[in-house]
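Biologist: I would like to go through this model with you. Please give me the reasoning behind each label.

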Amino acid sequence: MLFDKPMPYWNDHHQRLQQEIRTFVEHVATPIWHSRLPHDERFPWAARVAAAKVGLTGIDLSPAYGGRNADFVSQGIAFEECGRLDIDARELIGSGHGAIIARHGSPDLKEHWLPRIIRGEALIGVGITEEEAGSDIRSMKTMISSNGNCYAVHGKKSYISRINEAAAFIIFGKTHPDDTHLSAILVDTQNNPAIERTEIPTMGVRGWSYGSITIHDDCVPKENMLGVIDEGFSIFEEHFSNWRIFMALLCLGAAAASMHEVIAYSQTRYSFNSPIAKFQSIMFAIAESMSAIYTARLLCYQSLWLKDNGYDNATEAAMSKLVAVKIAFDAVNGALQIMGARGYTNQYFFEKRLRDIRGFMIADGTNEIMKSIISKDIFGKDMYNTMIGRGRKYE
Ligand SMILES: Cc1cc2nc3c(=O)[nH]c(=O)nc-3n(C[C@H](O)[C@H](O)[C@H](O)COP(=O)(O)OP(=O)(O)OC[C@H]3O[C@@H](n4cnc5c(N)ncnc54)[C@H](O)[C@@H]3O)c2cc1C
């Protein structure tokens with residue numbers, strides 16, 4: 001396949017890792033996926049346990065905890081390969097948002113959580129969004145107030161993923177109500193009477209529960225503070241820059257799988273006594289999608305390569321998510337069209353991929369916020385803030 005050719009950003013190790021993960025996904029994860037009941041879209045936890053057994057759940061973590069210290073390009077490869085199986089397979093490999101604990105947690109916190117993540121026993125969620133604070137995250141109301149030996153955490157996080165599955169949440173909040181600084185703290189949400197969950201059904205990404213969690217004055221140990229107090233925004237920016245590229249590659253993996261399936265189908269489906277692939281409109285639609293996916297992959301791996309080589313990649317990460325998710329959505333939509341009526345049914349993956357990919361035009365920063373990040377880099381922060389009429393508090 002076109003996408004299996006060597007990439008300038010990959011070395012032999014990356015090539016071998018791709019093969020290892022592809023083999024695992026095809027021979028181990030896929031049968032587990034298909035063993036679910038029909039129409040059950042929930043993530044099969046047994047697949048993550050199987051990934052743990054072959055050392056894939058902690059690829060991004062330190063060998064001190066049983067991880068492999070994989071670079072960002074390697075992690076991108078993992079997400080792309082998982083996307084070929086299912087967008088909901090994004091928690092199959094690696095530590096996910098647990099990477100924030102690895103980077104910013106105290107030694108005790110790491111000791112407690114990282115081995116559990118690597119063994120496939122625990123998963124970490126992130127709580128940023130609130131009912132009245134989405135894109136404008138600095139206007140959030142959740143409070144993290146010092147109270148003797150602990151921090152009292154109080155607030156409600158809405159429209160967030162993994163509300164039932166995550167064993168703990170990285171909660172972003174403020175130490176002073178009028179401040180724009182944020183802090184990030186790890187809240188253990190398992191069997192915690194201070195936590196109230198409300199599920200909300202979604203259009204896609206149904207592999208993971210979604211909704212709100214309310215934290216009623218939970219007394220969280222001081223050592224659960226991640227990084228420096230009031231400097232949580234830099235944790236958010238650093239983590240989500242990379243995460244956005246991972247989600248872009250996840251969607252491109254789903255798009256590549258769709259192309260693979262539709263290329264085969266178009267050569268065996270006959271219409272007017274001819275395989276439909278012989279119609280130029282079909283052939284060209286596939287050629288255009290393949291070209292777009294190829295281009296977007298290069299941008300994503302370039303962005304990860306920049307990070308691996310010590311460059312800031314926040315703008316390239318925003319470009320990657322903005323461009324790649326749209327390309328993936330259009331490619332899957334085009335593939336569904338070529339599949340005809342079959343593509344519209346839930347007997348094939350096209351409709352699910354479309355529902356799932358759509359979510360990433362909103363999740364982890366909307367398309368418009370990605371354009372804002374890119375514009376800031378082009379025009380400078382001052383001019384950007386003046387253009388959108390933003391006051392000094394954000395400078
Ligand atoms: C599938 C999915 C999973 C999610 N998972 C999580 C999670 O695990 N944790 C979590 O904390 N959150 C999660 N979210 C929430 C997500 O991060 C927010 O939805 C997102 O940040 C946007 O916030 P909002 O929905 O409140 O939209 P708003 O911020 O209210 O924006 C509404 C519209 O206005 C536009 N807009 C806003 N500000 C500007 C601006 N300055 N310039 C131009 N346009 C603007 C937006 O782009 C959007 O189109 C998830 C969302 C989805 C869809």
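Modeller: What follows covers the ligand, one cavity, one pocket and the record's domains.

Modeller: Keep in mind that this is a predicted model.

Biologist: What makes a residue count as surrounding the ligand, and how many do?

Modeller: One of its heavy atoms must lie within 4 Å of the ligand. By that test 19 residues surround the ligand. Ile128, Thr129, Ser135, Thr366 and Glu368 are the closest.

Biologist: Why is the pair between Glu368 and the ligand called a polar contact?

Modeller: The pair must be N or O atoms within 3.5 Å. An N or O atom in the Glu368 side chain is 2.6 Å from an oxygen atom of the ligand. The pair is therefore a polar contact.

Biologist: What makes Val126 and Ser161 polar partners of the ligand?

Modeller: Both use backbone atoms. A polar backbone atom of Val126 is 2.8 Å from a nitrogen atom of the ligand. For Ser161, a backbone N or O atom lies 3.1 Å from a ligand oxygen atom. The cut-off is 3.5 Å, so both pairs count.

Biologist: Now the empty space. Why is the largest cavity called a cavity?

Modeller: A 1.4 Å probe fits there but cannot get out, so the space is a cavity. The largest cavity holds about 100 Å³. Asp60, Gln75, Phe79, Gly96 and Phe246 are the closest to its centre, out of 15 lining residues. The structure has 1 cavity of 30 Å³ or more.

Biologist: Which elements line the largest cavity?

Modeller: α3 (72-85), α4 (99-104) and α6 (232-268) each give two or more residues. α6 gives the most, with 4. By class, the lining has 7 nonpolar, 6 polar and 2 charged residues.

Biologist: How do you know where the largest cavity lies relative to the domains?

Modeller: Look at who supplies the lining. Domain 1 (2-118) and domain 3 (233-394) both do, so the largest cavity lies between them.

Biologist: What makes the second largest pocket a pocket, and what is its volume?

Modeller: A pocket is an open set of points with protein on both sides within 12 Å along at least five of seven lines. The volume of the second largest pocket is about 430 Å³. Its lining has 16 residues, with Arg36, His39, Asp40, Asn346 and Phe349 nearest its centre. α1 (12-34) and α9 (350-359) are the elements that give two or more residues. α9 gives the most, with 3.

Biologist: Which classes make up that lining?

Modeller: The second largest pocket is lined by 7 charged, 5 nonpolar and 4 polar residues. Asp, Glu, Lys and Arg count as charged, so Arg36 and Asp40 fall in that class.

Biologist: Why is the second largest pocket placed between domains?

Modeller: Domain 1 (2-118) and domain 3 (233-394) both give residues to its lining, so the pocket lies between them.

Biologist: What does UniProt place at residues 126-216, and what is the chain like there?

Modeller: The unreviewed entry places "Acyl-CoA oxidase/dehydrogenase middle" there. The span is 47% strand and 0% helix.

Biologist: And which features does UniProt place at residues 12-121 and 230-378?

Modeller: UniProt's unreviewed entry places "Acyl-CoA dehydrogenase/oxidase N-terminal" at residues 12-121. That span is 58% helix and 0% strand. The entry places "Acyl-CoA dehydrogenase/oxidase C-terminal" at residues 230-378. There the chain is 77% helix and 3% strand.

Definitions and conventions: Residues numbered from 1 in each chain as written. Predicted model: local features only at pLDDT ≥ 70, side-chain atom pairs only at ≥ 80, totals over all residues. Heavy atoms only, no water. UniProt positions renumbered as here; feature names shortened; annotations may be inferred. 1 Å grid on protein atoms, 1.4 Å probe; cavity = no way out; pocket = protein on both sides within 12 Å on 5 of 7 lines; lining within 4 Å. Points joined across faces, edges and corners; volume = space filled by probe spheres on them. Domains from an automatic or database assignment. Polar contact = N/O pair within 3.5 Å; in protein donor to acceptor, adjacent residues only side chain to side chain.
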